[in-house]
Amino acid sequence: GQYNADMQFSPRFLADFEAAGGTLEPPVVLITQSGTNVVLNWEAITGAATYLVQSSSDPYAADIDWITETDAINTDTTCTIAASADKKFYRVIALP
């Protein structure tokens, strides 16, 4: 297409778009307790450079509020978090 003197590219269909960097498999996380800490371990995911680790007290809430104290970018395949008296749910996301 063209707008005034500028040539422009535009997609034909939604199928013309691709996710940036592709998608990675989710890690399978093993959760254990070590003293007063919770330890998350997972195997490396092919193509992952880092892992985002999050926790929440209620994963079914309409507006999930992931706790920022455990929002961490890890390059390792393990994460140690101080245990809480509250029940927690953890999520690890592989990032390219």
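Is Arg91 buried, exposed or partly exposed? Select Arg91 in strand 8, where strands, like helices, are DSSP runs numbered from the N terminus, with at least two residues (E) for a strand and at least four (H or I) for a helix. Arg91 is partly exposed, because its relative accessible area is 34%, and that class lies between buried, under 20%, and exposed, over 50%, as judged with a 1.4 Å probe on protein chains only. Now add Leu40 to the selection: 51 residues separate Arg91 from Leu40 in sequence, while their C-alpha atoms are 9.6 Å apart in space.

Before going further, keep in mind that this is a predicted model, in which local features need pLDDT of at least 70 and side-chain atom pairs count only at pLDDT 80 or more, whereas totals for chains, interfaces and linings use all residues. Residues are numbered from 1 along each chain as its sequence is written, and side-chain values use heavy atoms, with hydrogens and water left out.

**The whole chain**

Show the protein chain as a cartoon, and you will find eight strands and zero helices, so that the pattern read along the sequence is β-β-β-β-β-β-β-β. Of the 96 residues in the chain, 21% are buried. If contacts (heavy atoms within 4.5 Å) with a separation of 6 or more are considered, 60% of them join residues 24 or more positions apart. The chain exposes about 7300 Å², of which carbon and sulfur atoms supply 53%; such areas come from the Shrake-Rupley method with a 1.4 Å probe, and for residues only the protein chains shown count as cover.

**The loop at Asn4**

Select Asn4 next, in the loop that lies between strand 1 (2–3) and strand 2 (6–7). Asn4 counts as exposed because its relative accessibility is 62%. Its phi is positive, about 55°, although Asn4 is not a glycine. Most residues other than glycine have a negative phi.

**The open sheet**

Colour strands 3, 4 and 7, which form an open sheet in the order 3-4-7 with antiparallel pairing; two strands pair if DSSP finds at least two bridges between them. Strand 3 (29–34) and strand 7 (78–82) are the edge strands, each pairing on one side only. From one strand to the next, the twist averages 20°, with axes taken as lines fitted to C-alpha atoms (for helices, over the stretch in contact) and angles running from 0 to 180 degrees between N-to-C directions.

Look first between strand 3 and strand 4, which run antiparallel and are joined by six bridges. Thr32 has Val39 in strand 4 as its bridge partner, and Ser34 stands opposite Asn37 in strand 4. These two strands form a hairpin with two residues between them, and Gly35 in the turn has a positive phi of about 65°. Gly35 counts as exposed because its relative accessibility is 64%.

Then move to the other pairing, where strand 4 (residues 37–42) and strand 7 are antiparallel over five bridges. Here Asn37 stands opposite Ala82, and Val38 stands opposite Ile81. Measure from Gly35 to Ala82 in the viewer: the two are 47 residues apart along the chain, and their C-alpha atoms are separated by 9.4 Å.

**The nonpolar core**

Which residues make up the largest nonpolar core? Select Val38, Leu40, Trp42, Ile45, Tyr51, Val53, Cys79, Ile81, Val92 and Ala94, the 10 residues of this core; a nonpolar core is a set of buried Ala, Val, Leu, Ile, Met, Phe, Trp, Tyr and Cys residues joined through side-chain atoms within 4.5 Å. At least two residues of this core come from each of strand 4, strand 5 (50–56), strand 7 and strand 8 (89–95), and strand 4 gives the most, with three residues.

**Trp42 and its surroundings**

Finish by selecting Trp42 and Tyr51, both of which are buried. A search of the whole structure finds one aromatic pair, and Trp42 and Tyr51 form it edge-to-face, at 5.4 Å centre to centre and with 65° between the planes. Rings of Phe, Tyr and Trp (its six-membered ring) pair if their centres lie within 6.5 Å, and planes under 30 degrees apart count as stacked, over 60 as edge-to-face and the rest as tilted. Leaving aside residues up to four places away in sequence, Trp42 touches several others, including Pro27, Val29, Val53, Asp76, Cys79 and Val92.
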